[in-house]
Amino acid sequence: MITRLLVANRGEIARRVFRTCRSLGIETVAVFSDADAGSPHVAEADYAVRLPGAKPTETYLDIERIVAACQAAGADAVHPGYGFLSENADFAQAVLDAGLVWVGPSPESIAAMGSKIEAKRLMGEAGVPVLPSLTAAVTAFPVTAFPVLVKASAGGGGRGMRVVRDPAELEREIASARRESESAFGDGTVFVEPLLEGARHVEVQILADRHGTVWALGERECSIQRRHQKVVEECPSPGITQRVRDELCEAAVRAARAIGYVGAGTVEFLVKGDQVAFLEMNTRLQVEHPVTELVYGVDLVRLQIEVAEGLALPGSPPPPDGHAVEVRLYAEDGDYLPQTGVLRRFEVPGDVRVDSGVEAGSVVSAHYDAMLAKVIAHGSSRDEAVRKLTTALRRARIHGLTTNRDLLLSVLTNPDFRAGDTHTGFLDGHQHGLRRLDELAVLAAALAQAAANRAAAPVLRSLPSGWRNVRSQPSRAVFDEAEVVYEPLPDGIELVHADPSRIVLERGGVRHTFDIAHYDGKVCVDSPSGSVELTLVPRLPEPVEQVAPGSLLAPMPGSVLRVEVEPGDRVTKGQAVLVLEAMKMEHQIAAPAEGVVSGVHVEKGQQVEAGAVLAIIREGDS
């Protein structure tokens with residue numbers, strides 16, 4: 001029986017496992033890097049062990065130190081979470097060799113499925129349909145038909161994955177995928193397979209015990225993706241037939257039995273019409289497991305622990321009930337670039353489940369994945385679940401960081417999504433821009449800022465902001481995003497209440513309430529219709545450092561992986577100038593126009609902050 005369990009992971013999944021452990025009376029142990037010392041998962045554990053390391057990104061990949069942490073904290077079991085070492089057979093074996101309980105499949109099963117290349121071979125032998133593939137073992141590569149997908153053989157989460165449409169780009173993308181895979185999983189092996197465009201990404205949740213029982217807990221639709229990372233998932237899939245559903249579940253069970261699988265896992269497929277093709281098997285819990293838990297009424301982490309303790313599953317899984325939809329809330333901008341900084345406020349109301357790795361005051365760094373939380377809704381129907389989730393996102397109060405909330409809302413309210421017409425190219429085929437700025441919200445921000453100014457005034461606080469004996473011009477507020485006149489009020493709008501934290505306006509007989517928060521020149525406005533963050537332009541701005549024309553600035557903090565040019569080189573528009581690594585992903589910095597490199601200000605391995613000048617491109621021929 002497990003009494004003290006160490007989670008060899010961080011953030012959201014560590015907190016998720018701890019929650020189940022508390023319900024079972026199991027003590028918990030966290031491990032943490034120096035960058036994570038103040039993280040919520042560390043504070044929530046019963047015990048915590050620091051993992052020293054020069055690079056925070058490598059800390060959670062150190063098998064020897066994690067096993068030593070188990071021994072130091074007196075843990076008798078290890079849960080790997082997902083990512084990092086969760087699909088590393090050597091880690092699983094090291095845990096078992098130390099005399100500890102491994103909450104996961106056997107090292108042999110992990111080895112068999114941990115390599116996607118070997119997994120496809122085994123699945124083909126087991127009668128599971130697969131796509132043809134080529135192993136990128138050498139630079140010269142016999143690919144004759146495009147587009148293709150370059151994929152990491154180890155790990156997942158979109159890392160080490162590239163779509164290649166131009167044969168001239170294949171060699172470069174293979175090299176990039178190798179580096180990214182090596183950084184994320186410690187294994188740079190990649191392979192190439194045909195890109196099945198317009199297909200759905202559907203996966204089956206399996207759970208198997210040591211007594212021969214294998215459950216298929218239905219399927220999850222994971223087609224809404226950006227940069228090959230899932231952002232919206234649901235259970236069940238809204239767009240497959242019962243025949244295809246049965247075929248997927250039967251294939252998943254065959255896959256599990258073929259390797260003597262024990263524990264929780266996921267078998268992933270591409271589905272286009274009636275065509276089904278095996279993608280990979282993840283020998284771990286998936287990020288999107290909550291949708292299955294809510295539909296089937298199970299705790300998958302609890303079942304993982306019980307299976308690891310030797311308990312037998314019932315003969316068949318519970319029946320499904322209703323529909324669940326999950327979105328992944330990321331700290332990223334509209335170009336999917338990760339954002340860093342302090343999360344000032346984090347509240348998600350409503351009848352939803354929130355699995356998060358952060359809380360108000362958390363610092364989001366460039367070292368790890370940019371996901372803040374998963375928000376999941378369950379309903380008796382798909383429409384009900386989507387409605388609950390949409391309302392919760394609109395009413396959420398997330399201050400201090402730019403997030404992908406607007407993108408998620410645009411997906412959830414898209415007619416094609418509502419109709420269940422989704423595929424892996426959904427985001428590329430639909431416009432998902434930022435929503436139009438709410439004029440009333442901007443006005444509310446201006447009125448709240450004026451009220452805050454009056455409240456902070458050392459004298460005559462009762463006078464209206466900007467008061468004059470003889471009015472010469474209207475009072476206005478200028479933000480980076482918009483400008484608004486707030487005195488006099490626009491026609492048809494009445495001010496019902498005003499203080500620094502709340503504004504109530506009435507228009508057309510309808511009252512609108514806005515809650516306001518102020519942070520160092522930022523004004524955050526929350527209302528039932530959504531949220532707006534505005535940057536106040538000061539009346540007397542501080543002088544700013546000027547940068548030379550043509551400067552390429554770092555879009556985020558990160559590490560310089562490669563510099564592709566030298567001063568004097570001629571570049572074309574879109575040509576790679578250098579590559580940054582941030583949050584375990586490679587980000588190419590390209591030339592904005594044709595020109596000549598007049599300066600390179602960084603070198604390989606250098607850490608840079610957001611806004612740092614990386615290089616200068618002088619446009620033109622000279």
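A salt bridge here is a side-chain nitrogen of Lys or Arg within 4 Å of a carboxyl oxygen of Asp or Glu. By that rule, K230 and E288 qualify, as their side chains meet with N and O 2.8 Å apart. The structure above is a predicted model, and a search through the whole of it finds 46 salt bridges. This briefing walks through some of those charged pairs, then turns to helix 12, an open parallel sheet and a cluster of aromatic rings.

**Salt bridges around strand 12**

- Let's stay with K230 and E288 for a moment: K230 sits in strand 12 (residues 229-235), while E288 belongs to the loop between strand 14 (275-282) and helix 10 (289-296), so the salt bridge ties together parts that are 58 residues apart in sequence.
- Both partners are out of the solvent by the usual cut-off of under 20% relative accessible area: K230 is buried at 10%, and E288 is buried at 1%.
- Strand 12 offers a second charged pair, in which E233 forms a salt bridge with R328 and the closest N and O atoms are 2.6 Å apart.
- That pair also links distant parts of the chain, since E233 is in strand 12 and R328 is in strand 15 (residues 323-330), 95 residues apart.
- E233 is buried with a relative accessible area of 0%, and R328 counts as buried at 8%.
- The two pairs belong to one network, in which salt bridges that share partners join E203, R220, K230, E233, E268, E288 and R328.

**A salt bridge between strands 1 and 2**

- Towards the start of the chain, R4 forms a salt bridge with E27, with 2.8 Å between the closest N and O atoms.
- R4 lies in strand 1 (residues 4-7) and E27 in strand 2 (residues 27-32), so this pair ties together parts that are 23 residues apart in sequence.
- Are the two partners buried or partly exposed? R4 counts as buried, at 18% relative accessibility, whereas E27 is partly exposed, at 30%.

**The open sheet**

- Strands 1 and 2 are also part of an open sheet of 5 strands, which has the order 3-2-1-4-5 and parallel pairing.
- Its edges are strand 3 (47-50) and strand 5 (101-102), each of which pairs on one side only.
- Strand 4 (residues 77-79) runs parallel to strand 5, and 2 bridges join them.
- If you would like a place to look at this pairing, V78 has W102 in strand 5 as its bridge partner.

**Helix 12 and its two sides**

- Helix 12 (residues 382-395) has 14 residues and reaches 20 Å from its first C-alpha to its last, close to the 20 Å expected at 1.5 Å a residue.
- Its buried residues include R382, A385, V386, L389, T390, A392 and L393.
- These residues cover an arc of only 165° around the axis, which puts them on the same side of helix 12.
- On the other side of helix 12, D383 and R387 are exposed.
- What covers the buried residues of helix 12? The cover includes strand 12, strand 15, strand 20 (371-379), helix 13 (405-412) and helix 14 (415-418).
- Two names in that cover are familiar from the charged pairs, as E233 lies in strand 12 and R328 in strand 15.

**Aromatic rings**

- The count of aromatic pairs in the model comes to 5.
- One of them is Y60 with F84: the ring centres are 5.1 Å apart and the planes stand at 40°, so this pair is tilted.
- Y60 lies in the loop between helix 3 (56-59) and helix 4 (63-73), and F84 in the loop between strand 4 and helix 5 (89-97), so the pair ties together parts that are 24 residues apart in sequence.
- Y60 and F84 are both buried.
- F84 also pairs with Y368; here the centres are 6.5 Å apart and the planes are at 75°, so the pair is edge-to-face.
- This second pair links distant parts of the chain, with Y368 in the loop between strand 19 (363-364) and strand 20, 284 residues from F84.
- F84 is buried with a relative accessible area of 13%, and Y368 counts as buried at 3%.
- Together, Y60, F84 and Y368 form one aromatic cluster.

Conventions. Residues are numbered from 1 along each chain as its sequence is written. This is a predicted model: local features need pLDDT of at least 70, side-chain atom pairs count only at pLDDT 80 or more; totals for chains, interfaces and linings use all residues. Side-chain values use heavy atoms; hydrogens and water are left out. Helices (H or I, at least four residues) and strands (E, at least two) are DSSP runs, numbered from the N terminus. Buried means under 20% relative accessible area, exposed over 50%, partly exposed in between (1.4 Å probe, protein chains only). The expected span of a helix is 1.5 Å times one less than its number of residues. The arc is that of the directions from the helix axis to the C-beta atoms. Contact means heavy atoms within 4.5 Å. Two strands pair if DSSP finds at least two bridges between them. Rings of Phe, Tyr and Trp (its six-membered ring) pair if their centres lie within 6.5 Å; planes under 30 degrees apart count as stacked, over 60 as edge-to-face and the rest as tilted.
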